[in-house]
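Subject: Structure handover

Dear colleague,

Here is the structure for your files. My notes on helix packing, the overall fold and the ligand shell follow below it.

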Amino acid sequence: MCMKLFDLRKKLKDEFAQLDIDIVDVDFIVAQVLGVPVTLLPLIEDVDDDVCLEIQTKINMRASGMPVDRIFGNKYFYGLEFYIDDNVLSPRQDSEVLVDTALKYINDNHYHDVLDMCTGSGCLAIAVKRNAPVDVTAVDVSKKALIIAKKNADKHGEDIKFIQSNMFEKLDGKFDIIISNPPYIARDELKTLDREVIDHDPLIALDGGESGLKFYNIIHDNLRKYLNDDGVLVIEIGEDQRMLIEALFNDFELLECVKDLSGHDRVMVFKK
Ligand SMILES: C[S@@+](CC[C@H](N)C(=O)[O-])C[C@H]1O[C@@H](n2cnc3c(N)ncnc32)[C@H](O)[C@@H]1O
């Protein structure tokens with residue numbers, strides 16, 4: 001037996017509205033299951049029972065709190081599709097401003113050697129490499145995250161040097177630009193995060209130690225050693241961390257603090 005797709009989408013959207021879940025997720029899920037762009041859904045009349053069942057299964061996963069990117073194991077970032085799994089942070093749109101900022105400094109200064117510290121899915125490293133003639137080294141402590149990052153680099157045909165290291169411990173050389181989106185949530189704040197974040201993003205990608213500044217401290221203490229004299233550090237910060245990070249890096253020159261699309265302080269740029 002077939003069901004009219006229009007009726008199915010309407011029924012599911014009503015259900016999501018009642019559950020206070022964004023109804024755009026219904027069309028996203030239906031389109032992913034059917035393997036078509038969302039814009040084509042109005043042109044499809046009927047769906048078979050087995051497809052209906054698969055849609056309903058994914059809808060139930062979403063209704064139980066799983067984000068759509070976790071359901072399908074992929075996420076778009078900077079116009080590129082990335083694999084994700086339980087071992088990596090799902091790339092955030094807010095982090096695209098870090099890529100924009102890094103590319104601006106790379107282009108203006110003809111930088112060549114890029115370090116992405118705490119690479120996770122590899123989204124920052126791969127987006128930068130895709131858009132500039134640079135060499136990129138990417139570090140993460142998690143072997144499982146690096147497997148996903150390498151898979152993403154291969155998917156996009158980008159040659160990136162991946163290193164498994166606890167921060168700078170196994171790293172040699174100097175870089176023109178160091179980019180990083182380190183774990184920055186303070187311990188006390190972890191329990192206040194949305195369930196969709198705390199249940200599905202790995203703790204190792206979120207936990208910034210007691211103050212949230214653990215990894216910024218490590219970056220600060222290694223910056224003179226790993227950054228070239230005319231290089232820059234481009235780091236993502238939590239929306240209320242600007243003053244704390246400015247104080248921590250007070251022996252470096254703050255070039256700018258860039259806001260994300262929601263108007264929150266998101267990226268800071270320092271030089272020696
Ligand atoms: C907030 S996520 C950022 C992932 C990715 N760069 C992004 O922007 O989506 C932080 C990453 O830091 C990694 N990490 C945590 N502790 C680390 C350490 N001691 N050394 C290196 N990487 C670490 C985590 O595994 C995680 O992938």
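In this predicted model, helix H5, residues 96-109, packs on H6 with about 40° between them and 10 Å between their axes. An angle of about 40° is not under 35 degrees, the limit for roughly parallel, and H5 and H6 are therefore oblique to each other. The crossing of H5 past H6 is right-handed. On the H5 side, the contact is made by Leu98, Val99, Ala102 and Leu103; H6 contributes Leu124, Ala127, Val128 and Asn131. By class, seven of these contact residues are nonpolar and one is polar, with no charged residue.

A second helix pair is formed by H2 (residues 24-34) and H3 (residues 49-63). Their axes lie 10 Å apart, and the angle is about 135°. Roughly antiparallel would need an angle over 145 degrees, so H2 and H3 also come out as oblique to each other. This crossing, too, is right-handed. From H2, the residues in the contact are Asp25, Ile29, Val30, Val33 and Leu34. They meet Val51, Glu54, Ile55, Lys58, Ile59 and Arg62 of H3. The contact of H2 with H3 divides into seven nonpolar and four charged residues, with no polar ones. The contact of H5 with H6, by comparison, has no charged residues.

As for the chain as a whole, it has 12 helices and 11 strands. Its radius of gyration is 21 Å, close to the 19 Å given by the globule rule for 272 residues, so the chain is as compact as a globular protein of that length. Along the principal axes, the C-alpha atoms fill a box of roughly 70 × 40 × 30 Å.

The last item is the ligand. The shell around the ligand has 22 residues, of which Cys118, Gly120, Val141, Asn181 and Ala205 come nearest. Helix H6 (123-131) appears here again, since at least two of its residues belong to the shell. Strand S6 (135-140) and helix H10 (203-206) likewise each supply at least two residues. By class, the shell around the ligand holds 14 nonpolar residues, seven polar ones and one charged one. H6 therefore has two entries in these notes: the oblique packing with H5 and the supply of residues to the ligand shell.

Regards

How values were computed:
Residues are numbered from 1 along each chain as its sequence is written. This is a predicted model: local features need pLDDT of at least 70, side-chain atom pairs count only at pLDDT 80 or more; totals for chains, interfaces and linings use all residues. A residue is near a molecule or strand if its C-beta atom, placed from the backbone, lies within 6 Å of it. Helices (H or I, at least four residues) and strands (E, at least two) are DSSP runs, numbered from the N terminus. Ala, Val, Leu, Ile, Met, Phe, Trp, Tyr, Cys and Pro count as nonpolar, Asp, Glu, Lys and Arg as charged, and the others, Gly among them, as polar. Axes are lines fitted to C-alpha atoms, for helices over the stretch in contact, and angles run from 0 to 180 degrees between N-to-C directions. Angles under 35 degrees count as roughly parallel, over 145 as roughly antiparallel, 65 to 115 as roughly perpendicular and the rest as oblique. A crossing is left-handed if the near helix is turned anticlockwise from the far one by less than a right angle, and right-handed if clockwise. Two residues are in contact if their C-beta atoms, placed from the backbone, lie within 7 Å. The radius of gyration is taken over C-alpha atoms; the globule rule is 2.2 Å times the number of residues to the power 0.38.
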